[in-house]
Structure formats: C-alpha cells, structure tokens
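Me: I am new to this structure and would like to go through it slowly, one question at a time. Could you show it first?

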Amino acid sequence: MGASALLLTVAACGGNGTVAAPVSSGPPSGSVSVSSPPPSPSSTSVAPPPVSGPPKSRPTQGVPPGDTAPAAGQVNASALPAGYPHDVTLAEGGSVVVIQAEEGGCDKLSAKAGEQTAAQVVVLVTLAKAPHGQMCPMHVREISLPVRLAAPLGGRELVLKPGP
C-alpha cells in the first residue's frame with residue numbers, strides 16, 4: 001500500500017497535465033494505472049484580460065504627455081525654503097502651471113496663483129505641517145498641484161514663493 005501511495009503522489013506532482021486516478025482501499029495489486037487522457041485544449045484556455053485605456057494618473061517622472069516644460073531660466077524658485085517643490089510643467093497651452101511634488105505623512109502641500117503682471121506670474125506654495133505630537137504615517141505620495149492662470153504664461157517669468 002505504501003508503494004502505491006508514493007507512486008500516486010509522484011504521479012500527481014509530475015506536472016505533465018495528467019490527473020491521477022484514485023487508489024482503491026482494496027488489496028494491493030502489482031500495477032496501478034495513474035494517468036488519464038489529457039484535458040481538451042478548449043477546457044484549459046483562459047480568456048485574455050480586458051483591454052483598458054491609458055492610466056488616468058500623471059507620470060511621476062519627466063514631462064507628462066500633453067504638457068510642456070517651461071523655457072530654461074523661466075522659473076525662479078529662489079524664494080522657496082529647502083524641501084519645497086519646484087518641478088514645474090505647463091498644461092493646457094501654458095494656462096495651467098502644474099507643480100510636481102512629494103507629500104509625506106500628515107504634511108499637506110497646496111499652491112495658488114498670486115500676482116500676475118505682464119512680466120511675471122507669482123505662484124504661492126504652502127506647506128501645512130501637522131501639529132506637534134500628532135502621529136502621522138511615514139509614507140510619501142507623488143502629487144500634482146495645478147494652478148490656473150488668468151492668461152497663458154508665455155514668455156513671462158514664473159516666480160515660486162512660499163504662501164501663507
């Protein structure tokens with residue numbers, strides 16, 4: 001009986017697609033058949049996964065499709081404290097400034113349009129910290145902060161400043 005159980009186990013684990021026949025509890029015999037015909041191809045085929053459209057989120061690196069990068073030297077982020085985001089792209093023909101940022105734990109970033117003149121556009125970036133002693137998760141999220149301008153940025157300087 002032990003040899004037929006071992007043979008049944010080895011045949012079942014063989015991985016060749018055959019199914020082992022059950023072993024009867026009757027007296028042991030000299031030979032045991034442990035294979036059956038392979039299943040038909042139509043019964044083992046799996047339907048392909050549904051086709052989905054492009055992802056709805058913005059990429060976390062590089063310029064997202066449809067956006068443009070500002071001209072070299074067009075962004076002035078010198079007034080921002082260390083750790084504030086300053087990666088910027090332009091969307092909707094330059095009418096929307098998109099700040100790519102990382103937000104962590106309980107910290108919340110926001111941005112809004114400030115003064116807009118013929119020479120420059122100011123965007124105020126605010127970092128709200130959690131109250132002292134509040135427990136916060138230790139994770140980082142990639143976020144986009146869109147800021148709609150009154151008119152496309154064009155050749156104007158984009159100045160990023162800390163907000164209130």
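Me: Through how many residues does a hairpin join E4 to E5?
Reply: This is a predicted model, in which local features need pLDDT of at least 70 and side-chain atom pairs count only at pLDDT 80 or more, while totals for chains, interfaces and linings use all residues. Residues are numbered from 1 along each chain as its sequence is written, and side-chain values use heavy atoms, with hydrogens and water left out. Strands (E, at least two residues) are DSSP runs numbered from the N terminus, and two of them pair if DSSP finds at least two bridges between them. E4 and E5 pair in the antiparallel sense over 7 bridges, and the hairpin that joins E4 to E5 does so through 3 residues.

Me: Which residue in E5 is the bridge partner of Ser 110?
Reply: The antiparallel pairing of E4 and E5 is the place to look. There, the partner of Ser 110 in E5 is Thr 126.

Me: In what order do the 4 strands of the open sheet with mixed pairing lie?
Reply: The edge strands here are E1 (75–76) and E4, each of which pairs on one side only. E5 and E7 run parallel and are joined by 6 bridges. The order of this open sheet is E1-E7-E5-E4.

Me: Which residue in E7 is the bridge partner of Gln 120?
Reply: Gln 120 is found in strand E5, and it counts as partly exposed because its relative accessibility is 25%, where buried means under 20%, exposed over 50% and partly exposed in between (1.4 Å probe, protein chains only). Leaving out residues up to four places away in sequence, Gln 120 touches Glu 115, Arg 156, Glu 157 and Val 159, contact meaning heavy atoms within 4.5 Å. The bridge partner of Gln 120 in E7 is Glu 157.

Me: In what order do the 3 strands of the other open sheet lie?
Reply: E2 and E6 are its edge strands, each pairing on one side only. E2 and E3 pair in the antiparallel sense over 5 bridges, and within that pairing the partner of Asp 87 in E3 is Gln 100. The pairing in this sheet is antiparallel, and the order is E2-E3-E6.

Me: Which elements give two or more residues to the largest nonpolar core?
Reply: A nonpolar core is a set of buried Ala, Val, Leu, Ile, Met, Phe, Trp, Tyr and Cys residues joined through side-chain atoms within 4.5 Å. Of the 18 residues in the largest one, Val 97, Ile 99, Val 123, Val 125, Leu 158 and Leu 160 touch the most other members. The elements that give two or more residues to this core are E2, E3, E5 (120–128), E6 (140–148) and E7 (157–162).

Me: How many residues apart in sequence are the parts that the pair Cys 106 and Cys 136 ties together?
Reply: Cys 106 and Cys 136 form a disulfide, with their sulfur atoms 2.1 Å apart, the cut-off being a pair of cysteine sulfur atoms within 2.5 Å. Cys 106 lies in the loop between E3 and E4 (108–116) and Cys 136 in the loop between E5 and E6, so the pair ties together parts whose separation in sequence is 30 residues.

Me: Is Glu 92 buried or exposed?
Reply: Glu 92 lies in the loop between E2 (87–91) and E3 (96–104), and its phi is near 50 degrees, a positive value in a residue other than glycine. Because its relative accessibility is 54%, Glu 92 counts as exposed.
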